Amino acid sequence: LQHGAALAIGLLLLPIATLLAVSAMATATLELRMAANAEYQQRAFEAAEFAIEQAIHSVDLGTGYTYSAPKLVPASGAPPAVPGSASDTYSYRLYYDPTPAGAATPPEAVSAGLEAYHFVIEAAGASARGAKDVHIQGFYVLHPGGWSGSTTLPAGCETTPADCVAPGSQPERTFWRQQDAD
């Protein structure tokens, strides 16, 4: 009689143990997916930041890029890949902002005969599993009044423009925000 009771109890506990094991495996799988999604979202964030750096150090900054006619990267086709990554891509939209809110030419620049030329970058980064991030960065460069931009590349920049900096002052960042951030 006791042998039969042990078998019955064992048969009752076996499905419960199986259910617990399957539940633990499903939870672990879900946690791995969540961790991977967080990693891809971070990579999309970094791709958008990479796009901002590419735009800020663009050798062809100019006042000819307007909100309605911006510099687009890519101009057409698929977005370029972030160096060292097969799945991360970036794109950006760069334009001159003639009336930046609350941003004026620094007094020391005015006394030196310079003006601040303000630009806005709308950068997007993407990674695997549909991870996307959009950042908006404002910045200005100082140049003599009447500057309209440089469309000529400095010597050596024809083959590697990402390594070159536009003529004039170093860019000064004015604002940054992440689109759709909580």
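## Surface and overall layout

How much area does the chain expose, and what share of it do carbon and sulfur atoms supply? The chain exposes about 11100 Å², and 61% of that comes from carbon and sulfur atoms. Please keep in mind as you read that this is a predicted model.

The chain has two helices and five strands, and from the N terminus on they follow the order α-β-β-α-β-β-β. Of the 182 residues, 31% are buried. Among contacts between residues at least 6 apart in sequence, 73% join residues at least 24 apart.

## The nonpolar core

Let's go inside next. The largest nonpolar core has 19 residues. Those with the most contacts inside this core are Leu61, Tyr92, Leu94, Phe119, Ile121, Phe139 and Val141. Four elements each supply at least two residues of the core: helix H1 (2-56), strand S2 (89-96), strand S3 (114-126) and strand S4 (132-144). H1 gives the most, with five residues.

Tyr92 is a good residue to click on. Leaving aside its neighbours within four places in sequence, Tyr92 is in contact with Ala51, Gln54 and Ala55, with Lys71, Leu72 and Val73, and with Ile121, Glu122 and Ala123.

## Aromatic pairs

The count of aromatic pairs comes to eight. In one of them, the ring centres of Phe50 and Tyr90 are 5.1 Å apart and the planes meet at 75°, so the pair is edge-to-face. This pair links distant parts of the chain, with Phe50 in helix H1 and Tyr90 in strand S2, 40 residues apart. Phe50 is partly exposed at 24% relative accessibility, whereas Tyr90 is buried at 10%.

Tyr117 and Trp147 form another edge-to-face pair, with 5.1 Å centre to centre and 65° between the planes. Here Tyr117 belongs to strand S3 and Trp147 to the loop between S4 and strand S5 (172-178), 30 residues apart. Tyr117 is buried at 3% relative accessibility, and Trp147 is buried at 16%. Ring pairs link both of these residues with Tyr96, Phe119 and Phe139 into a cluster. A ring also takes part in a charge contact: the charged end of Arg93 sits over the ring of Tyr67, 4.5 Å from its centre.

## Salt bridges

Side chains of opposite charge can pair when their charged atoms come close. The count of salt bridges in this model comes to five. One of them joins Glu39 and Arg43, with the closest N and O atoms 3.8 Å apart. Because Glu39 and Arg43 are four residues apart in helix H1, about one helical turn separates them. Glu39 is partly exposed at 44% relative accessibility, and Arg43 is partly exposed at 25%.

Which other side chain does Arg43 meet in a salt bridge? The partner is Asp88, at 2.9 Å from N to O. Arg43 lies in helix H1 and Asp88 in the loop between strand S1 (71-73) and S2, so this bridge ties together parts that are 45 residues apart in sequence. Asp88 is buried, at 5% relative accessibility.

Arg173 and Glu53 form a further salt bridge, with the closest N and O atoms 2.3 Å apart. Arg173 sits in strand S5 and Glu53 in helix H1, 120 residues apart. Arg173 is partly exposed, with a relative accessible area of 42%, and Glu53 is partly exposed at 29% relative accessibility. Elsewhere, salt bridges that share partners join Glu39, Arg43 and Asp88 into one network.

Methods
Residues are numbered from 1 along each chain as its sequence is written. This is a predicted model: local features need pLDDT of at least 70, side-chain atom pairs count only at pLDDT 80 or more; totals for chains, interfaces and linings use all residues. Side-chain values use heavy atoms; hydrogens and water are left out. Buried means under 20% relative accessible area, exposed over 50%, partly exposed in between (1.4 Å probe, protein chains only). Contact means heavy atoms within 4.5 Å. Accessible areas come from the Shrake-Rupley method with a 1.4 Å probe; for residues, only the protein chains shown count as cover. A nonpolar core is a set of buried Ala, Val, Leu, Ile, Met, Phe, Trp, Tyr and Cys residues joined through side-chain atoms within 4.5 Å. Rings of Phe, Tyr and Trp (its six-membered ring) pair if their centres lie within 6.5 Å; planes under 30 degrees apart count as stacked, over 60 as edge-to-face and the rest as tilted. A charge sits over a ring if NZ of Lys or CZ of Arg is within 6 Å of the ring centre and within 35 degrees of the ring normal. A salt bridge is a side-chain nitrogen of Lys or Arg within 4 Å of a carboxyl oxygen of Asp or Glu.
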